[in-house]
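Reader: Before we discuss this model, could you take me through the terms and set each value against its definition?

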2 protein chains.
Amino acid sequence: METLEAYLHQQQQRVEKALDQWLPALDAYPPGLMDAMRYSVFAGGKRLRPTMMLAAAESVGGDSEPVLPAACALECIHTYSMIHDDLPAMDDDDYRRGKPTNHVIYGEAMAILAGDALLTHAFEILSSLQLAEQFSAEVLLQVSRCLSNAAGSTGMIGGQVVDIISEGQQVDLPVVEYIHRHKTAALIEASTTAGGLLGGGNPEEVEALRTFGHQVGWAFQITDDILDVEGNAETLGKAVGRDAELDKATYPAVLGLEASRQRAQELMQQGIEVLSPFGDRAEHLRQIAVYIVSRDI
Amino acid sequence: METLEAYLHQQQQRVEKALDQWLPALDAYPPGLMDAMRYSVFAGGKRLRPTMMLAAAESVGGDSEPVLPAACALECIHTYSMIHDDLPAMDDDDYRRGKPTNHVIYGEAMAILAGDALLTHAFEILSSLQLAEQFSAEVLLQVSRCLSNAAGSTGMIGGQVVDIISEGQQVDLPVVEYIHRHKTAALIEASTTAGGLLGGGNPEEVEALRTFGHQVGWAFQITDDILDVEGNAETLGKAVGRDAELDKATYPAVLGLEASRQRAQELMQQGIEVLSPFGDRAEHLRQIAVYIVSRDI
């Protein structure tokens, strides 16, 4: 098997090629909007969520090629959430992945609309005629349900709301856990769940992939919080210490760094355990899980 | 037949009851978000778009009762677009329908997130298990395609972008028409198209309902522009003269009031003509079309 690094790079390129095909063309009308949408989608990123969707489809014996458009839909949702999170009224971040954020380049109005357009585009992709040729309407509807629930008011947006209203508040572990499980884990859980559905997994397999995605997604956010404390701004391509600056509810702030590291490891192990019935086909998912808690970027 | 006024009032109440059922409960977690979502959804409004969806379903001989959730999804999209349009970075409006706008009450961050949540919720409704019990997955996927395309970068958001970048510019008729057809007509067209699909209309009927919705939706925006010039602020529940203040690209600004009125009438007539094969079943749609260009609110 190739190294994980080579695999991730290969999948990243595959996803980016698909994104280029599945986003509105740069010269489409109206001017500015398509630029703004594409700017943030192509502002870098490891494409971990789409890669996990593809790997999940393969883990149940499916072909990942027809899953690419749905992986792009997921990346559209992820990108929209970052554009809106970075807005002055929200986290007010000027840089992400070493580049100016969307509103810094295109202005607030366009950044809001580009985010709205990316979120909508996800559902345009999932309901497109091209996908309907590859998958049954039932499966596509299940995937739409999975992604919209993960992204909605009781999913990612719910987590973001609690994140924002908890700034500067004395919060306890359950609140931090709510934030992590909703703001971040929900969408990663949706990646692996949708991958399982589109790969043709049976209900038990899809359920295992859901649990895996949730635990690993949670571990991902804890690791993000840790990196915000002890990461390298240059490597990360964004300011560190922003959580402390905004007095955010984080794992390290509540539990300390060492306990946070242990918690991320535990969650990662729990995720890997549920994949034992999958055998070798889930090897990429396992490697990604290990990578997620050990990364420095 | 009851008067149009009584019919519209009855449908408005029916839609509002359904919205109450289909929106997240007010006491759901997280606090604030559900309030903010519900505040704007229940801040009044004639519910014309959902009513047109229900009337379109009936015009092809369908039962409108099972169409109510999809009508709520459409109203969620419409409401989200108003919340985001009113933001300080966009049109910066403090009042709508006589009430303070979302960000005035809940702050900008929550208003952005409540809008995002309502847009997402529309697709949660359309892919929900409850709807899947009433309609085939194929039809629901078609409706999802119809609504997402109408709301997306080449639909409503595209129109909104051109509206914003045209402020203070010298614009010609094609630009104003692009704005109207995308910012407003697209979603009204989606209402009648989706109603036709969910009501079980054949492709010709659905196509006729699409044309009807587009022409009448366009006439709706021209009428809105006219009301912004000569309407009564108290009756409208919002400031008038805002278009001129923001130097917006409008029909009256380009063509003058009289020619604008004529254009709205023509479009309304064109819409009504395509409904002739529908006979009496389309009577409500015809009445709504006439109402749209003659309203003073």
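Reader: How many salt bridges are counted between chain B and chain A?

Author: The count between chain B and chain A is zero salt bridges, a salt bridge being a side-chain nitrogen of Lys or Arg within 4 Å of a carboxyl oxygen of Asp or Glu. This is a predicted model, in which local features need pLDDT of at least 70, side-chain atom pairs count only at pLDDT 80 or more, and totals for chains, interfaces and linings use all residues. Residues are numbered from 1 along each chain as its sequence is written, chains are lettered from A in the order in which they are written, and side-chain values use heavy atoms, with hydrogens and water left out.

Reader: What area do chain B and chain A bury between them?

Author: About 4,000 Å² is buried between chain B and chain A, 72% of it on carbon and sulfur atoms; buried area is the accessible area (1.4 Å probe) that two parts lose on being put together, summed over both.

Reader: What makes the relation of the chains that of a two-fold axis?

Author: A turn of 180° with a shift of 0.0 Å along the axis lays chain B on chain A with an RMSD of 0.0 Å, the copies being superposed by least squares on the C-alpha atoms of residues with pLDDT of at least 70 in both. That is therefore the relation of a two-fold axis. In contact, which means heavy atoms within 4.5 Å, are 48 residues of chain B with 48 residues of chain A.
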